[in-house]
Amino acid sequence: MPRGSPLLTDRQWAKIEPLLPKLRPGRRGGRPWAASRLVLEGILWIARSGARWKDLPAEYPSPATCWRRLRDWEEQDVWLTIWRTFLGELNRKGRLDWSEAFIDGSFASAKRGALESERPSGARAQSGWWWSMARVFLWESTWDRPRRPKSHSPKPRWPRSASPTATGADDRGRSRKG
């Protein structure tokens, strides 16, 4: 990613700009808002490079400004709106093949007996803003999960507190040991 070149083309920005909330001046005056395009490009630079916020180049607004705007846009569902708008546009143009869509249920299991140096540390965990972006761009869907069908079995369901394993007796009141 060369510095100095914008991450968004004018055409891309023309599609995104109307989807962003309008910036209103504060009631008490104060410093003017940073331009939304530069803030968005700062957010994209961080997302693409994987760098820390404090490593954001000086050509973008301050890292705190970019982070706060990212947080605010996430709370206002701006990312979700952008994602759905672009997805809808691609769908209308026939550029999406829904037969290749899937839900990702992957996970990384813990390794037993791993050395302390091989175990992931809390410092290496992805931060909340990364998961927010991932939710919008990777996992958001518009369909509902099918409901589990009701059982028509004549057997009554045991309440959790009265289960045989919890009380040590089976359903006839006898001891488990016989």
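# Notebook: charges, a buried arginine and a ring pair

I began with charged side chains and found that Glu-89 and Lys-93 meet in a salt bridge, with 3.3 Å from N to O. I noted that the model is a predicted one. I then looked up how open the lysine is: Lys-93 counts as exposed because its relative accessibility is 52%, and the cut-off for that class is over 50%.

**Entry 1. The chain as a whole**

I next turned to the overall secondary structure. I recorded six helices and zero strands. Along the sequence, I read the pattern as α-α-α-α-α-α. The chain has 178 residues, and I noted that 21% of them count as buried. For the accessible surface of the chain I wrote down about 15000 Å², with 53% of this belonging to carbon and sulfur atoms. I also looked up how contacts are spread along the sequence. Among contacts with a separation of 6 or more, 60% come from residues 24 or more positions apart.

**Entry 2. The other salt bridges**

How many salt bridges does the structure hold? I found six. As background, I wrote that side chains of opposite charge can pair when their charged atoms come close.

One of the bridges joins Arg-52 to Asp-55, and the closest N and O atoms there are 2.9 Å apart. I checked the accessibility of both partners. Arg-52 is partly exposed, because its relative accessibility is 49%. Asp-55 is also partly exposed, at 33%.

Another bridge is formed by the side chains of Arg-71 and Asp-72, at 3.2 Å from N to O. Arg-71 has a relative accessible area of 32%, so I entered Arg-71 as partly exposed. Asp-72 stands at 24% relative accessibility and therefore counts as partly exposed; I noted that buried would require a value under 20%.

I also found a network of salt bridges that links Asp-10, Arg-37 and Glu-41.

**Entry 3. Arg-69, a charge without a bridge**

I then searched for a charged residue lacking such a partner and stopped at Arg-69. I located Arg-69 in helix H3, which covers residues 63-75. Is Arg-69 buried or exposed? I found that Arg-69 is buried and yet has no salt bridge. Why does Asp-72 not serve as a salt-bridge partner for Arg-69? Asp-72 is the nearest side chain of opposite charge, but the distance is 5.9 Å, and a salt bridge needs the nitrogen and the carboxyl oxygen to lie within 4 Å. I recalled here that Asp-72 does form a salt bridge with Arg-71.

I asked which residue shares a polar contact with the side chain of Arg-69. The partner is Ser-36, through its side chain, at 3.4 Å. I then listed the contacts of Arg-69 outside its neighbours within four places in sequence: Leu-23, Trp-33, Ala-34, Ser-36 and Val-39.

**Entry 4. Leu-23, a contact of Arg-69**

I followed this list to Leu-23, which I found in the loop between helix H1 (10-16) and helix H2 (36-49). Leu-23 is partly exposed, because its relative accessibility is 34%. Leaving out residues up to four places away in sequence, I saw that Leu-23 touches Trp-33, Ala-34, Ser-36 and Arg-69. I also looked up the C-alpha separation of Leu-23 and Ala-34, which is 9.3 Å for two residues eleven positions apart along the chain.

**Entry 5. The loop between H3 and H4**

I moved to the loop that follows H3. Gln-76 lies in this loop, between H3 and H4. I entered Gln-76 as partly exposed, because its relative accessibility is 47%. Gln-76 and Pro-21 are 55 residues apart along the chain, and I found 8.8 Å between their C-alpha atoms.

Asp-77 belongs to the loop between H3 and helix H4 (78-92) as well. Asp-77 is partly exposed, as its relative accessibility is 34%. I looked up the backbone of Asp-77 and found phi near 60°, a positive value in a residue other than glycine. For context, I wrote that most residues other than glycine have a negative phi.

**Entry 6. The ring pair**

Finally, I looked for aromatic pairs and found one in the structure. Trp-73 and Trp-79 form this pair, with 5.9 Å from centre to centre and 75° between the planes. The arrangement is edge-to-face, because the planes are over 60 degrees apart. I closed by checking accessibility, and both Trp-73 and Trp-79 are buried.

Note on methods
Residues are numbered from 1 along each chain as its sequence is written. This is a predicted model: local features need pLDDT of at least 70, side-chain atom pairs count only at pLDDT 80 or more; totals for chains, interfaces and linings use all residues. Side-chain values use heavy atoms; hydrogens and water are left out. Helices (H or I, at least four residues) and strands (E, at least two) are DSSP runs, numbered from the N terminus. Buried means under 20% relative accessible area, exposed over 50%, partly exposed in between (1.4 Å probe, protein chains only). Lys and Arg count as positive and Asp and Glu as negative; His and the chain ends are not counted. A polar contact is a pair of N or O atoms within 3.5 Å; within protein, one must be able to donate a hydrogen and the other to accept it, and residues adjacent in sequence count only if both atoms are side-chain atoms. Contact means heavy atoms within 4.5 Å. Accessible areas come from the Shrake-Rupley method with a 1.4 Å probe; for residues, only the protein chains shown count as cover. Rings of Phe, Tyr and Trp (its six-membered ring) pair if their centres lie within 6.5 Å; planes under 30 degrees apart count as stacked, over 60 as edge-to-face and the rest as tilted.
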